[in-house]
Amino acid sequence: MSTLLDIALRYAQKGWNVLPVSKQAKKPLHKEWTKKASCDPEEVKRFFTGHDGNIGILCGEKSNLIVIDVDLPDGPDSLLALEKELGPLPETLSQTTGSGGKQLFFRYPKGCLIPNSIKNLGYGIDVRSNGGQVVVPPSIHPNGYSYHWNNDNPLVELPEAWVARLVSKQKKVDNKDGNVTPYESVFETSELSPYIVAALKKGMSTIAEATEGARNDILYKTVASLAGFISSGNLEEDLLHNETEKAFRKCHPEGVDMQEFENTFASAVLAGKACPREIPEMPMGFQNKKDGLYFIAKAGTETDAPVETRLGAPLKIRGRIRDADNKNWGLFLEWCDPDGNTHREVLPNAMMVSSDSSAWRALLAEKGYMFEPGKKQAELLARCLSKAQPKKRFLGVYRTGWHEQSFVLPNETITSMQTKAEEPVLFETPTQSPYCQSGTLESWKLGVAANVAGNSRLILALCAAFAGPLLEILGQETGGFNFVGLSSTGKTTALLVAASVWGKGTVSGGYVQTWRGTDNGIEAQAVLHTDTLLCLDELSQASPKTVYETVYMLGNSRGKSRATRTGSARAVKTWRVMLLSTGEQSLSDKLKEEGRNMKAGQAVRLLDIPADAEADMGLFENIHNHETAAEFAERLKNETAKNYGFAGPAFVKYILSLKEELSSNASELMKRASKEYSSETQDGQVSRAINRFALCKIAGLLARQAGLLPLSQDDIEEGIGRCFEEWLDERGSEGSYEESQVVERLRILIERDGSTRFEPLDKRIPHTPCKNRAGFRGIRNGKSCFFIFPSVFEKEVCLGIPRKRAAKILFEEGILLTDALGRYQVRLSLDIDGLGRLWLYAVSLE
């Protein structure tokens with residue numbers, strides 16, 4: 001495998017002057033990088049020996065290289081328009097950047113002076129030339145995505161029409177006569193905020209009009225002030241550089257020392273980025289300061305100081321929000337509570353129009369916003385919010401998980417850099433979000449994930465935690481697993497390990513919920529855990545009715561229909577959930593407490609996994625050098641309570657770039673992953689269960705591939721495979737659940753009531769009179785048989801399955817005996833109690 005040094009040397013062999021760039025960044029490591037960039041092998045070795053960051057290439061005449069940089073989202077459209085005007089660009093070497101843009105590499109036009117420029121060709125198209133650089137593979141973009149070459153084509157010449165356009169676009173300085181081409185800006189026609197445009201125009205004018213002796217000082221102060229907008233995401237550094245350079249040239253008719261300019265600009269940007277500046281979204285007179293939100297009233301006279309009234313803690317208005325139907329408008333707010341925790345909340349317009357502000361004030365106060373007391377302060381704050389006109393728009397959604405190319409969590413939206421869609425955020429965020437973080441990802445991998453190795457149940461639980469984000473992508477249904485076993489076997493520990501992928505691995509105040517809490521809040525829990533993981537502990541704590549309705553509703557993936565205040569139908573909430581549960585009883589046994597029978601759909605939605613791994617250590621098979629299983633469980637509980645919440649979001653970021661590929665290959669991926677579990681005789685219900693195990697295997701292998709799961713491929717496949725085999729053993733067959741239950745109900749009927757509800761046909765056998773008689777017992781074809789009344793057979797054995805189908809199932813199992821003509825009922829040869837010769841079902845368990 002090639003090292004970074006090997007790759008840099010290969011670039012240098014092409015005559016490209018390479019330079020080391022900071023890790024996962026675009027900034028060169030050396031201040032005078034335009035001079036220090038080199039293609040000399042010894043210099044390159046000195047640069048890159050021990051360097052673990054990115055690689056940059058100096059553009060321009062020195063490297064015989066000019067690059068057309070096509071940025072998203074507007075660059076491709078601008079490029080298409082330019083090719084129609086100037087002619088198509090020839091095939092040449094190109095790369096895709098980490099942000100999804102495309103860079104086209106050409107030989108530098110001889111005899112031309114073409115400096116670095118931004119958007120001179122068109123919006124979204126930059127030119128990397130003299131004084132510029134490009135970052136190249138295998139570098140990593142600041143957003144975490146990799147640069148990669150699209151082809152290995154040789155460099156070609158830029159067409160003459162393109163060269164002529166580039167040359168004509170440059171602003172030239174006549175150093176001899178001191179004449180300067182008037183300074184012109186390109187940002188006035190851009191999509192920048194008007195506030196940024198105004199700040200740039202003022203700043204550039206200040207630089208352009210600077211006089212000798214003050215130029216560098218003004219340059220530094222102006223750039224440092226504007227650079228605060230870079231770190232807040234409101235301004236591109238390249239744009240600021242381009243505009244500042246042109247303004248600086250204007251105030252230097254005697255010629256520009258570009259190295260001096262670059263040094264001052266770099267220092268100013270570094271200082272400015274350390275102090276982010278946001279675009280003010282507050283109405284006139286309102287201002288956020290470090291210690292709070294203020295209303296600043298003009299003084300009565302020019303000599304008086306303004307009157308400042310503090311309204312509360314700093315309050316950021318991030319934008320306006322509404323749903324996909326352009327309804328339910330509101331303000332999207334952000335603030336910090338007294339402990340420094342950030343809160344994001346939607347304040348509905350409908351709540352603000354009320355003359356009574358107590359409702360929305362309570363909403364903010366509940367999450368730690370600290371108001372300044374007083375009627376005047378309350379009225380001013382209400383005025384501030386009602387007058388706010390933020391330009392940014394957010395799309396309000398009611399559930400977590402995938403929304404197009406974005407993945408929504410209560411306090412974070414993970415999105416593709418390539419999407420132009422409005423950022424989706426939750427309309428309602430919980431008072432205490434289950435999604436939180438502590439420790440580091442590395443400490444979680446070392447303390448939690450590494451200790452899962454060799455433990456099949458823990459591996460299944462952890463892989464299920466990563467499977468949630470794949471439900472939609474791979475087209476899978478809501479469902480999960482229920483770890484069944486006695487108390488103190490480690491069932492809850494498995495839930496804590498899985499929960500730590502997304503939040504705090506505890507039950508009290510953590511990510512894990514209890515079955516008892518699902519009575520009224522299952523819909524809220526489902527939408528809050530869509531595409532992540534829902535953990536419910538202790539099935540025995542809930543009533544059979546609650547369990548029945550919960551499993552049914554979760555499996556149905558949609559909530560109840562409700563009406564609005566006007567009587568119209570409210571949108572039904574939907575979800576996709578991966579569920580992990582624990583209990584001392586199986587789902588079927590729990591429902592039987594109230595005489596309920598489990599339906600096939602419920603059985604396949606929540607698969608019972610025996611918690612006991614049969615290694616004399618409860619749920620565990622490998623306790624990793626601990627003295628006892630209890631000590632190992634305690635270690636895991638401690639680790640999940642202090643290191644958590646990083647792996648899930650990191651996994652989403654990893655698969656975001658693979659989403660389209662995974663989705664298009666979903667069928668083949670699922671087929672390959674389920675192959676080792678499948679057979680030709682399996683029922684459709686078993687196939688659905690197999691898909692869930694296969695989904696978890698795919699999730700585990702992808703998490704391993706992403707560097708999040710320090711387990712071997714064999715660990716993952718063998719762990720999940722063992723759980724599947726034990727689930728299938730407990731189930732009893734590969735047939736449908738209904739079929740297995742017909743056999744099971746018949747066995748229970750005979751084993752429980754064989755001697756009390758079945759009267760012997762041989763009257764010579766002494767017996768007590770039968771109560772609630774179910775049939776008779778006797779001999780048929782040399783076998784001990786039970787002859788069952790059709791009504792009892794239908795009510796107690798079939799339970800909703802057609803009698804003919806149930807009889808066929810029993811016949812195929814070798815349990816039901818037919819008559820000479822193959823009919824499923826046989827006719828007794830005796831007249832029973834004056835009832836005549838009855839037609840009954842004859843079964844034998846011999």
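Two strands count as paired if DSSP finds at least two bridges between them. Keep that in mind as you work through these exercises on a predicted model.

**Exercise 1. Find which residue stands opposite Leu58, and describe the sheet around that spot.**

Step 1. Look across from Leu58: the residue opposite is Gln133, in β8.

Step 2. Now count the links between the strands. β2 and β8 are joined by 4 bridges and pair in the antiparallel sense.

Step 3. Widen the view to the sheet. The open sheet has 3 strands in the order β1-β2-β8, and the pairing is antiparallel. Its edge strands, β1 and β8 (133-136), each pair on one side only. On average, neighbouring strands here are turned by 35 degrees against each other, direction ignored.

Step 4. Add the helices. α1 lies across β1, β2 and β8, at about 10 degrees to β2. α3 lies across β1 and β2, at about 5 degrees to β1.

**Exercise 2. Work out which residues of helix α3 are buried, and explain how they are placed around the axis.**

Step 1. Pick out the buried residues of α3 (residues 41-48): they are Val44, Phe47 and Phe48.

Step 2. Check their directions. These residues span an arc of only 75 degrees around the axis, so they sit on the same side of α3.

Step 3. Recall a rule about helices. An α-helix has 3.6 residues a turn, so residues three or four places apart point the same way.

Step 4. Turn to the other side of α3, where Glu42 and Arg46 are exposed.

Step 5. Ask what the buried side meets. The buried residues of α3 pack against α1 (4-13), β1 (18-21), α2 (33-36) and β2 (54-58).

Step 6. Finish just past the helix: Gly50 follows α3 and has a positive phi, near 85 degrees.

**Exercise 3. Is Ser38 buried or exposed, and which residues does Ser38 touch?**

Step 1. Locate Ser38 in the loop between α2 and α3.

Step 2. Apply the cut-off: buried means under 20% relative accessible area. Ser38 has 11% relative accessibility, so Ser38 counts as buried.

Step 3. List the contacts, not counting residues up to four places away in sequence. Ser38 touches Trp16, Asn17, Val18, Glu43, Val44 and Phe47. Val44 and Phe47 are among the buried residues of α3 from Exercise 2.

**Exercise 4. Describe how strand β17 is paired and covered.**

Step 1. Begin with burial: β17 (residues 330-336) is mostly covered, with 5 of its 7 residues buried.

Step 2. Take one partner. Strand β16 (residues 316-322) pairs with β17 in the antiparallel sense over 5 bridges, and Gly319 stands opposite Phe332 in β17.

Step 3. Take another partner. β17 and strand β18 (residues 342-348) run antiparallel and are joined by 7 bridges, with Leu333 opposite Glu345 in β18.

Step 4. Look at the turn. β17 and β18 make a hairpin with 5 residues between them, and Gly340 in the turn has a positive phi of about 90 degrees.

**Exercise 5. Why is Cys436 not bonded to Cys535?**

Step 1. Note the total: the structure holds 0 disulfides.

Step 2. Recall the cut-off: a disulfide needs a pair of cysteine sulfur atoms within 2.5 Å.

Step 3. Compare. The closest cysteine sulfur to that of Cys436 is in Cys535, 13 Å away, and therefore too far for a bond.

Step 4. Try Cys535 next. Cys535 is in no disulfide either, and its nearest cysteine sulfur, that of Cys696, is 12 Å away.

Step 5. Look at the surroundings. Cys436 is partly exposed, with a relative accessible area of 27%, whereas Cys535 is buried at 0%.

**Exercise 6. Which residues have the most contacts inside the largest nonpolar core?**

Step 1. Recall the background: in soluble globular proteins, nonpolar side chains tend to be buried together.

Step 2. Find the core. The largest nonpolar core has 85 residues, and Phe466, Leu470, Phe481 and Phe693 have the most contacts inside it. Helix α25 (residues 684-705) gives the most to this core, with 11 residues.

Step 3. Zoom in on Phe466. Leaving aside neighbours within four places in sequence, its contacts include Trp444, Val501, Phe651 and Leu708.

Step 4. Look elsewhere too: a second, separate core of 34 residues includes Ile750, Leu761, Phe793 and Ile815.

Terms used. Residues numbered from 1 in each chain as written. Predicted model: local features only at pLDDT ≥ 70, side-chain atom pairs only at ≥ 80, totals over all residues. Heavy atoms only, no water. Buried < 20%, exposed > 50% of the residue type's maximum accessible area, 1.4 Å probe, protein only. Helix = DSSP H or I, 4+ residues; strand = E, 2+ residues; numbered from the N terminus. Arc of directions from axis to C-beta. Contact = heavy atoms within 4.5 Å. Axes fitted to C-alpha atoms, helices over the stretch in contact; angles between N-to-C directions. Core = buried A, V, L, I, M, F, W, Y, C linked by side-chain atoms within 4.5 Å.
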